[in-house]
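Colleague: I would like to learn how to read the helices of a model such as this one. Could we take the features one at a time, with the general idea before the case?

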Amino acid sequence: MILDCDIYSDLLLQDPSADPSQQEAKQREAEIRNTILAQVLDQAARARLSNLALVKPDKAKAVENYLIQMARFGQLAGKVSEQGLIEILEKVSQQTEKKTTVKFNRRKVLDSDEEDDY
């Protein structure tokens with residue numbers, strides 16, 4: 001079996017620990033995800049999701065997973081518009097919103113004025 005050296009070296013540069021069959025599986029999975037998303041989203045929504053993926057890849061991945069899950073269970077009627085995607089983004093943002101808490105640890109400072117030296 002003869003492989004194109006450039007393609008094979010590119011695959012090895014991506015993840016040297018993975019063998020070619022694992023990379024092919026990842027590539028197939030990515031193609032399936034893209035196919036499902038293309039069927040589920042209209043063009044404006046896909047553009048918004050791809051822009052989100054550039055800025056916040058974790059959030060985009062969560063939204064993609066949510067959309068794919070909804071599509072598999074038949075919860076989507078037709079294509080999701082950009083406005084529908086914005087609503088889904090708001091839901092995901094509320095679920096993944098991090099609560100920030102600040103705790104002050106006040107240390108008691110020894111002050112020479114408190115002690116009386118009579």
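Modeller: What follows goes from the whole chain to single helices and then to single residues. Please keep in mind throughout that this is a predicted model.

Colleague: Which secondary structure elements does the protein chain contain, and how do they run from the N terminus on?

Modeller: The usual start is to count the elements and then read their order. Here the protein chain has 5 helices and 0 strands, and from the N terminus on the order is α-α-α-α-α.

Colleague: What share of the residues is buried, and how is the accessible surface made up?

Modeller: A residue counts as buried when its relative accessible area is under 20%. Of the 118 residues in the protein chain, 19% are buried, while the accessible surface comes to about 10,100 Å², with carbon and sulfur atoms contributing 51% of that area. As for contacts between residues at least 6 apart in sequence, 64% of them join residues at least 24 apart.

Colleague: How does one check the length of a helix, taking helix 2 as the case?

Modeller: One compares the span expected at 1.5 Å a residue with the separation of the end C-alpha atoms; for helix 2, with 21 residues, the expected span is 30 Å and the end C-alpha atoms are 30 Å apart, so the two agree. Within helix 2, the buried residues are Gln23, Arg33, Ile36, Leu37 and Val40. Because they cover an arc of only 150° around the axis, they are on the same side of helix 2.

Colleague: Which residues of helix 4 are buried, and what do they pack against?

Modeller: The approach is to list the buried residues, look at their arc, and then ask what covers them. In helix 4 the buried residues are Ala60, Val63, Glu64, Leu67, Ile68 and Met70. Their arc around the axis is only 160°, which means that they lie on the same side of helix 4. These buried residues pack against helix 2 (20-40), helix 3 and helix 5, whereas the face turned away from the buried side carries the exposed residues Asp58 and Arg72. After helix 4 comes Gly74, with a positive phi near 70°.

Colleague: Why does Glu64 count as buried, and what is it in contact with beyond its neighbours within four places in sequence?

Modeller: The cut-off for buried is under 20%, so Glu64, at 16% relative accessibility, counts as buried. Leaving aside neighbours within four places in sequence, Glu64 is in contact with Arg33, Leu37 and Leu49. Two of these partners, Arg33 and Leu37, are among the buried residues of helix 2.

Colleague: Where do the buried residues of helix 5 lie around its axis, and what covers them?

Modeller: The reading is the one used for helix 4. Helix 5 has Gly84, Leu85, Ile88, Leu89 and Val92 as its buried residues. They cover an arc of only 140° around the axis, and therefore share the same side of helix 5. Their cover includes helix 3 (43-55) and helix 4 (57-72).

Colleague: What does a search for aromatic pairs find, and what sits over the ring of Phe104?

Modeller: Ring pairs and charges over rings are looked up separately. The search of the whole structure finds 0 aromatic pairs, but the charged end of Arg106 sits over the ring of Phe104, at 5.7 Å from the ring centre.

Notes:
Residues are numbered from 1 along each chain as its sequence is written. This is a predicted model: local features need pLDDT of at least 70, side-chain atom pairs count only at pLDDT 80 or more; totals for chains, interfaces and linings use all residues. Side-chain values use heavy atoms; hydrogens and water are left out. Helices (H or I, at least four residues) and strands (E, at least two) are DSSP runs, numbered from the N terminus. Buried means under 20% relative accessible area, exposed over 50%, partly exposed in between (1.4 Å probe, protein chains only). Contact means heavy atoms within 4.5 Å. Accessible areas come from the Shrake-Rupley method with a 1.4 Å probe; for residues, only the protein chains shown count as cover. Rings of Phe, Tyr and Trp (its six-membered ring) pair if their centres lie within 6.5 Å; planes under 30 degrees apart count as stacked, over 60 as edge-to-face and the rest as tilted. A charge sits over a ring if NZ of Lys or CZ of Arg is within 6 Å of the ring centre and within 35 degrees of the ring normal. The arc is that of the directions from the helix axis to the C-beta atoms. The expected span of a helix is 1.5 Å times one less than its number of residues.
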